[in-house]
Amino acid sequence: MGLRPPLLYRVVAVLSRPVLHGLFRLRVQGTENVPASGGFVLACNHLSNFDPWPLGMPLYPQRWLRFMAKVELYWWPATYVLNAAGAFPVNRGRADVQAVQTAVRLAREGNVVVMFPEGTRRTKGLVKRHQARGRSGAARIALEAGVPLVPAAVAGTDRLLALGPLRIAYGAPIEMEDLLATGDMRRAAQVATQRLMARIADLEASL
């Protein structure tokens with residue numbers, strides 16, 4: 001799949017606009033922070049399997065998203081839909097080297113790779129906003145690919161059936177140049193993740 005989105009992605013994008021802006025009253029802030037060209041990692045909080053939908057639509061048609069999807073979702077005909085939507089499989093629960101390599105390659109090729117550092121969807125009533133703990137995968141991919149790490153936050157995707165409003169915020173890329181100078185990639189990813197999660201929390205509080 002190249003930098004041009006597949007037909008299904010384009011069809012969904014066109015049909016989604018009146019639904020998102022009308023039915024769900026989508027409000028977006030910070031699109032000026034999103035790189036206009038070149039690959040980057042877009043890291044967001046995770047409330048629902050529907051998160052990539054409103055997260056990606058405000059950036060279309062200039063940018064479209066590639067994202068990891070758990071391998072359990074890959075069964076026919078869902079496989080076709082996921083691939084056409086820009087997804088690629090990941091095995092959760094163990095280090096999936098191939099998925100990481102794919103993400104790095106896609107980012108280097110100029111794609112927008114979406115990551116959810118929290119690792120899994122939040123459980124209502126059990127995970128508070130300030131308790132979200134990020135995994136370092138998003139930062140490691142951005143560092144290895146040599147691309148920006150852009151924070152984002154979504155609100156309302158866990159209330160779609162209630163037709164609650166959807167809110168999206170994009171933040172400025174995380175500062176990482178100072179971390180690369182140390183030569184310690186593992187430590188750099190850890191510190192970058194700390195900065196990332198703090199920024200995501202700020203963005204989420206603004207929604």
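**Exercise 1.** At roughly what angle do the axes of helix α5 (residues 137-145) and helix α7 (residues 185-205) cross?

*Solution.* The model is predicted, so local features need pLDDT of at least 70 and side-chain atom pairs count only at pLDDT 80 or more, while totals for chains, interfaces and linings use all residues. Residues are numbered from 1 along each chain as its sequence is written, and side-chain values use heavy atoms, with hydrogens and water left out.

Step 1. Helices are DSSP runs of H or I with at least four residues, strands are runs of E with at least two, and both are numbered from the N terminus. Axes are lines fitted to C-alpha atoms, for helices over the stretch in contact, and angles run from 0 to 180 degrees between N-to-C directions.

Step 2. The axes of α5 and α7 come within 8 Å and cross at roughly 120°. This makes α5 oblique to α7 (under 35 degrees is roughly parallel, over 145 roughly antiparallel, 65 to 115 roughly perpendicular, and the rest oblique).

Step 3. From α5, the residues A138, A139, R140 and L143 make the contact; from α7, M185, A188, A189, A192, T193 and L196 do so (contact means heavy atoms within 4.5 Å).

**Exercise 2.** Determine the location, burial and contacts of S16.

*Solution.* Step 1. Helix α1 (residues 7-23) contains S16.

Step 2. With a relative accessible area of 5%, S16 is buried (buried is under 20% relative accessible area, exposed over 50%, partly exposed in between, with a 1.4 Å probe and protein chains only).

Step 3. Leaving aside residues up to four places away in sequence, S16 touches W53 and M57.

**Exercise 3.** Describe the aromatic pairs formed by Y9 with Y60 and with W64.

*Solution.* Step 1. Rings of Phe, Tyr and Trp (its six-membered ring) pair if their centres lie within 6.5 Å; planes under 30 degrees apart are stacked, over 60 edge-to-face, and the rest tilted. By this rule there are three aromatic pairs.

Step 2. The pair of Y9 and Y60 is tilted, at 6.1 Å centre to centre and 45° between the planes. Y9 lies in helix α1 and Y60 in the loop between α2 (52-56) and β3 (65-70), so this pair ties together parts 51 residues apart in sequence. Y9 is buried at a relative accessible area of 9%, and Y60 is buried at 13%.

Step 3. The pair of Y9 and W64 is edge-to-face, at 5.2 Å centre to centre and 75° between the planes. W64 lies in the loop between α2 and β3, so its pair with Y9 of helix α1 ties together parts 55 residues apart in sequence.

Step 4. Y9, Y60 and W64 form one aromatic cluster.
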